[in-house]
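Colleague: Hi! Could you walk me through how the parts of this one fit together?

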Amino acid sequence: MIYADHAATTRLRDCALQAMMPFLTDCYANASGAYPFGQAAKKALEDARRQIADCIHAAPSGIIFTSGGSESDNQAIRSAAEIGARSDKKHIISAAFEHHAVLRTLDALRADGWEITLLDVGERGIVSAEQVAAAIRPDTALVSVMFANNEIGTIQPAAEIGAVCRQRGVLFHTDAVQAAGHLPIDTEEMQIDLLSASAHKFGGPKGAGFLYARRGISLTPLIYGGAQERNRRAGTENIPAIVGMAAALAEACAEMESESAAVRRQRDAIIAALSEIPGSMLNGDAEMRLPSNISFCFAGIESETLLLLLGERGICASVGSACASGAAEPSHVLRAIGRSDALARGALRLTIGAELTDSDRQTLIAAVRENVERLRAISHR
Amino acid sequence: MKKALIAMSGGVDSSVAAYLTMQAGYECIGCTMRLYDNEDAGLAAEKTCCSLDDTEDARAVANRLGIPFYVFNFTDLFREKVIGNFVSCYLCGKTPNPCIECNRYLKFEKLLERAEALGCDKVVTGHYAQIVETDAGYQLRRGADHSKDQSYVLYMLTQAQLSHIMLPLGGMTKTEVRAIAEAQGFVTAHKRDSQDICFVPDGDYARIVEQQSSITPEGGDFVDLQGNVLGRHRGLIHYTVGQRRGLGIAVGKPAYVCGLDVPNNRVIIGENKDLFEDTCTLEQVSWTAGDLPQAPVRCLAKIRYRHPAQPATLTFTGADTAILQFDEPQRAITAGQAAVCYDGDTVLGGGTICGTGSVQVQAE
């Protein structure tokens, strides 16, 4: 099997599994327990918080643990909206190609009377700080622009956007689900106020994530109950997952430089080879993109079939998002960068990992090329 | 091993069709076509997708059989070819049969293409009709269970298509099919047969026409055959030929819709006897049996799904147009429905009824 869907999820890192094991077995205490057994769990929780904070250069008290990226996005935006509403600021700026966790939350706010500006991302799939600056109004409460896009992998100028927002006194949230553990993140230098991340995208377990909020930003709970996470997220902490997430992120950040150099080399070789297929088009900027991301449109084919044929050859690839039934959805991201519906139907996303060998790469390229040609032959009959 | 792609709707019939195809020694792939989303059916986008439960039932059966299962997103094509035709047909004063268009463009064109791409020789459906290979080519015949026979909605199949289709339920009765589903423990064993048009779950097709076309049809006059105004109607899309209920007019005897006068936006009202006509013209005619016949063809013809086939003569007037003349006048021949010609149990071909012509307001 060749796994080329790392943007969907990743394999659990060994270090994460090892870190989790004690908390899945002997150390099962509730972190709220007053006895030493509980205090050990509490210590693990706070160690994890510190470890994660270090990875993104943030204060540990700013990290709250959630169930994943979607929850973090929801809570970040809801919180910023509530803060804005207190001073009658009911305008939010975001981008057309954000993850649905952001877009659907904004839809809900729009229905409640907020005004939402979705910035154009252009053919390169990048939002500029100038665009953000031009869109900010006196009543703007929040700018939410993702750190890197999940479908086309384009990296956004977070530091520049952060600088504009700080200067104009507007909160800046970034959905860093695809970036955490893969790109250097410094919340202080980049002037990020709110940041969402998800453990299973960097070798941590599923069902865990975190939200960073700069000191002084009060978070609105989505879940009410006990006093966990300083009253900002009720429910007994998922200690094994949190500990695993911290171990995974620490390792991902430590290995980032060497790992991304290797992955980038494979990515560029694949992009070069697939670009030679007639009627192929790389989606998103070639330079400003995640080391793992390869996204193409192939004219005259339907990726739904291409994915099944690749699947039969043991290749796990994707197009982007899927609906509840599992059918491929037309991509709002590809639409946002101006791809026609017909072209967007022929999209393929390969997101590779460090384990990809040269021989895997050749198999992958050959399989894509052969199947694209085969499908074109059938549909052109 | 030969491969087959099973079109699984999440109903009992296609579940059993999948099982029987496996028993026949095929390597099977199950699939469900996602045909429409909530917006297409006029429902709120946030609601659970109305076709999701059926898809999950199909998936459960595929899992039970241990075969791969895929969902194909055909919403764009369905919107264009089926819903689009449905809407424009109603706006032209016709009464469409969207299941036939779905078979024509989705099940036996798009899905056949998918099957080929996936290396499958056959597409399998749960229709009650039979395909028989003879020296003269493939024949499409009525299902053995005449009360369930669905050959009518398959008349458009060509010889090339028939060679790639299997209908394993063609020789069975519904009772036998349910018994198999029960014995296999399929979740679909006791599901009731679908009745409505799939993308009009509440049966309010006029609402779908209005939503999809953004046209609110204007009301107009009910007139009798002499052109006398009898009252006001709510817009032509609310009426179909032969309709008696919901007219809201009293003329002292049973009143029926005898025709829709689209240019003048009038609904023509008459008595039951005024509904009988013996001739109609057909378009989009396809000939299942092979080459188009040059001479007029004697046949038994059906003008709607539940119509008992009647003796008639079909005469081609062009490459895909024809005139169908019944020996005896038939009640409520309706434009937009299909007319299908049989030789005994064998489908010869058919087409879409485009004109009936004889019911007109006479006083003008």
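Modeller: Happy to. One term to begin with: a salt bridge is a side-chain nitrogen of Lys or Arg within 4 Å of a carboxyl oxygen of Asp or Glu. This is a predicted model, where local features need pLDDT of at least 70, side-chain atom pairs count only at pLDDT 80 or more, and totals for chains, interfaces and linings use all residues. Residues are numbered from 1 along each chain as its sequence is written, chains are lettered from A and ligands numbered from 1 in the order in which they are written, and side-chain values use heavy atoms, with hydrogens and water left out.

Colleague: Great. How many salt bridges are there between chain B and chain A?

Modeller: Five. In one salt bridge, the side chain of B:R114 meets that of A:E302, at 2.9 Å from N to O.

Colleague: Which elements of chain B touch chain A?

Modeller: Those giving two or more residues are strand 2 (27–34), helix 2 (52–65), strand 3 (69–73) and helix 4 (98–117) of chain B. Helix 4 of chain B gives the most, with five residues. Helices (H or I, at least four residues) and strands (E, at least two) are DSSP runs, numbered from the N terminus.

Colleague: And what classes of residue are on that side of chain B?

Modeller: Eight nonpolar, three polar and nine charged. Here Ala, Val, Leu, Ile, Met, Phe, Trp, Tyr, Cys and Pro count as nonpolar, Asp, Glu, Lys and Arg as charged, and the others, Gly among them, as polar.

Colleague: What area is buried between chain B and chain A?

Modeller: About 1,600 Å², with carbon and sulfur atoms giving 49% of it. Buried area is the accessible area (1.4 Å probe) that two parts lose on being put together, summed over both. On the chain B side, B:R114, B:E116 and B:A117 supply 30% of the area buried against chain A, more than any other three residues. In contacts, meaning heavy atoms within 4.5 Å, 20 residues of chain B meet 20 residues of chain A.

Colleague: Switching to chain A alone: what are its domains?

Modeller: Domain 1 (14–254) and domain 2 (256–379), with bounds from an automatic or database domain assignment. Their C-alpha centres lie 28 Å apart, and the area buried between the two is about 2,000 Å², 58% of it from carbon and sulfur atoms.

Colleague: Which residues of domain 1 of chain A lose the most area there?

Modeller: A:E123, A:E151 and A:I152, together 35% of what that side buries. A:E123 also has a salt bridge with A:R339, at 3.8 Å from N to O. The count between these two domains is two salt bridges.

Colleague: What about chain B, how is that divided?

Modeller: Into domain 1 (3–183), domain 2 (217–270) and domain 3 (276–355). The centres of domain 1 and domain 2 of chain B, taken over C-alpha atoms, are separated by 37 Å. Five residues from domain 1 of chain B and four residues from domain 2 of chain B take part in the contact.

Colleague: How many salt bridges cross that interface of domain 1 and domain 2 of chain B?

Modeller: Zero. These two domains of chain B bury about 410 Å² between them, 64% of it on carbon and sulfur atoms. The side of domain 1 of chain B that touches domain 2 of chain B has three nonpolar, two polar and no charged residues.

Colleague: Lovely, thanks!
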